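Biologist: Could you take me through one part of this model in close detail, namely the second largest pocket, together with the elements around it? I would like a connected account rather than a list.

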Amino acid sequence: MGDVGILKKKTMICSPLMGQSVEQIVSEMKKAKVEGADLVEMRLDYINDFHPQRDLQIILRNKPLPVMIVYRPKWEGGQYDGDEHSRLEALHLAEELGADYIDIELKVASIFMGKQKKDQHSICKTIVSCYVDGMTPPIEGLSCCVARLQSTGADLIKLVINATNITEITKIFHLLSHCQMPLIAYSIGDRGFMSQVLCPKFGGFLVYGSLEGIPVAGLPTLESLRQAYQVQYINEDTKVFGLISKPVGHSKGPVLHNPAFRFLNYNGIYVPMLVDDLKEFFSVYSSPDFAGFSVGIPYKEAVTGFCDELHPLAQSIGAVNTIIRKPSDGKLVGYNTDCEAAVTAIEDALRERRYPNEEASLTSPLTGKQFVLVGAGGAGRALAFGARSRGARLVIFDIDFDRAKSLADAVSGEVKHYEDVVNFQPEKGAILANATPIGMHPNTDRIPVAEETLSDYQLVFDSVYTPRKTRLLKEAEAAGAIIVSGVEMFLRQAIGQFNLFTGGEAINAKFVESIQAQRIRVELSITDKKSEGNEEQKRSRRRAEKQEQFGTPVRKFRTGSF
């Protein structure tokens, strides 16, 4: 296990500010400092009725932290559409008034720098930047662009792309690793998220983070950079783990795995990976640095074809939710930690009701029960095999009848046509499990079964965990059923995953206490923003803080065997 590293050269955290007034900009600067920014990037082209002489003095006189001034013209993707001479003069004025960095476009760098009046006491540094519009060129083309940027004599250089595939981000990592001068390089957009978070690993000058409440596509928040990702600890030896999924925005993996890495002094980072093509992804991300992956929707079945080896449980289920790259030969080994996670969450919820005939029994409370499963994909297969191993009788629905039939045959279950699910009448005391994305944010108003049948189920489980309490669970609870949130399955499978990620060093009391502390934070982050201020959440936060400080167990739960 590697030790958490200290950066040899600190990567700074920068917050982009795009306020439309000077007052808003000044307010946002102060907010950025509170939220952990080291500097701010100030977009003058977003300020309405901007007057350089007046406004720059107010802004720079009130700066609470270093400022990078950007005044981007429309021809480079910005908002400014005026006279070019006036724009460059405003940037020179910002330099004279005490700006720490001036960002100037490659196209006009020679003009701007030829008129600079720097003296030996000037603190201002010049950043020459280039935005590559359209298709990302091959690495040779990007390297030529970097060479042109370097030739300008700038103090720092910046290169921005708009990746249409996560595989293009490796070009950014290559440039950051090999550049001989300070380089800011990243991709905008959702597929560029990883280029921000992993920037410190590859030696980037700064990473961008947005202000809380002012989201920017493809950017983590300042708070998440400091708290969840803790980028201040990332270095070139950091092992990268991540979620392969599409979409990935719902994932709470980073707020669970990353604090646990820090807690155990393990030099790892967990990031969301929006993947469009599995084959291309695995062919590009073949470095030992990318040591393991979680697998989410819709890839849990398809990814088995890209594993060199499969754990027997994963092979029998036909679905993988965890992949480990063997350090010895780089081979990918697939595992399934969903199966035990889901079935133990359901069993524990049934046992907690303390039915007299089950209290002293060692047999599963699922034995002999009808288990109605909606969804026969990766999560559904894990649930089906887990329920079958406990002696449940399965009835399976899926929009793809052949897929449902294949699963039913594998677990000796019964298959039904998907359109019949709304009219299906379960046995009294049956179990219902939703293993589809129905009810997931933002489409939270749907449920997979008829509302009037929910009173017949003893327990209803929903694998969806955003929102934490889906409409299905709300309706089921109102009908008198025991409910189990997907958060339970998520947390339990994460323990099994983390054990695999860290080579088995995680399964000890210290780790379980850490996971239990994080469980509260995960649930808080999943809860609707509207209810963030209520008293129950405040009490939960206090419990989480005490848990982290004293290691007091909040609630025991089993990890299962993986």
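**The second largest pocket and its surroundings**

Modeller: In this predicted model, the element that gives the most to the lining of the second largest pocket is H17, with five residues. The pocket holds about 780 Å³ of space, and 42 residues line it, those nearest its centre being Gly-296, Ile-297, Lys-300, Ala-379 and Ser-463. Two or more lining residues come from each of strand E9 (239-245), helix H9 (253-263), strand E11 (290-295), helix H14 (378-389) and helix H17 (486-501). By class, the lining has 18 nonpolar residues, 18 polar residues and six charged ones.

Two of these contributing helices, H9 and H17, also pack against each other, and their contact deserves a closer description. In general, a pair of packed helices is described by the angle between the axes and the distance between them. For H9 and H17, the axes come within 11 Å and cross at roughly 40°, and the two helices are therefore oblique to each other. The crossing in which H9 passes H17 is right-handed. On the H9 side the contact is made by Gly-253, Leu-256, His-257, Ala-260 and Phe-261, while H17 brings Phe-490, Leu-491, Ala-494, Gln-497, Phe-498 and Phe-501. Sorted by class, this contact has eight nonpolar residues and three polar ones, with no charged residues.

The loops that adjoin the lining elements hold two backbone features that are worth inspecting. As a general background, most peptide bonds are trans, and most residues other than glycine have a negative phi. The bond joining Lys-246 and Pro-247, however, is cis, with omega about 10°, and Pro-247 is found in the loop between E9 and H9, both of which give two or more residues to the pocket lining. A further cis peptide bond runs from Ile-297 to Pro-298, with omega near 0°; Ile-297 is itself among the residues that lie nearest the centre of the pocket. Pro-298 has its place in the loop between E11 and strand E12 (309-310).

For a second example of helix packing, one may turn to helix H2 (residues 52-61) and helix H3 (residues 84-96), whose axes come within 10 Å and cross at roughly 35°. H2 passes H3 in a crossing that is right-handed, as is the crossing of H9 with H17. Here Pro-52, Gln-53, Leu-56 and Leu-60 of H2 make contact with Ala-90, Leu-93 and Ala-94 of H3, and this set divides into six nonpolar residues, one polar residue and no charged residues. In the loop between strand E2 (39-43) and H2 lies Asp-49, a residue other than glycine whose phi is positive, near 50°.

Definitions and conventions:
Residues are numbered from 1 along each chain as its sequence is written. This is a predicted model: local features need pLDDT of at least 70, side-chain atom pairs count only at pLDDT 80 or more; totals for chains, interfaces and linings use all residues. Side-chain values use heavy atoms; hydrogens and water are left out. On a 1 Å grid over the protein atoms alone, a cavity is a set of points where a 1.4 Å probe fits but cannot get out, and a pocket is an open set with protein on both sides within 12 Å along at least five of seven lines; lining residues have an atom within 4 Å of a point. Grid points are joined across faces, edges and corners, and a volume is the space filled by probe spheres set on the points. Helices (H or I, at least four residues) and strands (E, at least two) are DSSP runs, numbered from the N terminus. Ala, Val, Leu, Ile, Met, Phe, Trp, Tyr, Cys and Pro count as nonpolar, Asp, Glu, Lys and Arg as charged, and the others, Gly among them, as polar. Axes are lines fitted to C-alpha atoms, for helices over the stretch in contact, and angles run from 0 to 180 degrees between N-to-C directions. Angles under 35 degrees count as roughly parallel, over 145 as roughly antiparallel, 65 to 115 as roughly perpendicular and the rest as oblique. A crossing is left-handed if the near helix is turned anticlockwise from the far one by less than a right angle, and right-handed if clockwise. Contact means heavy atoms within 4.5 Å.
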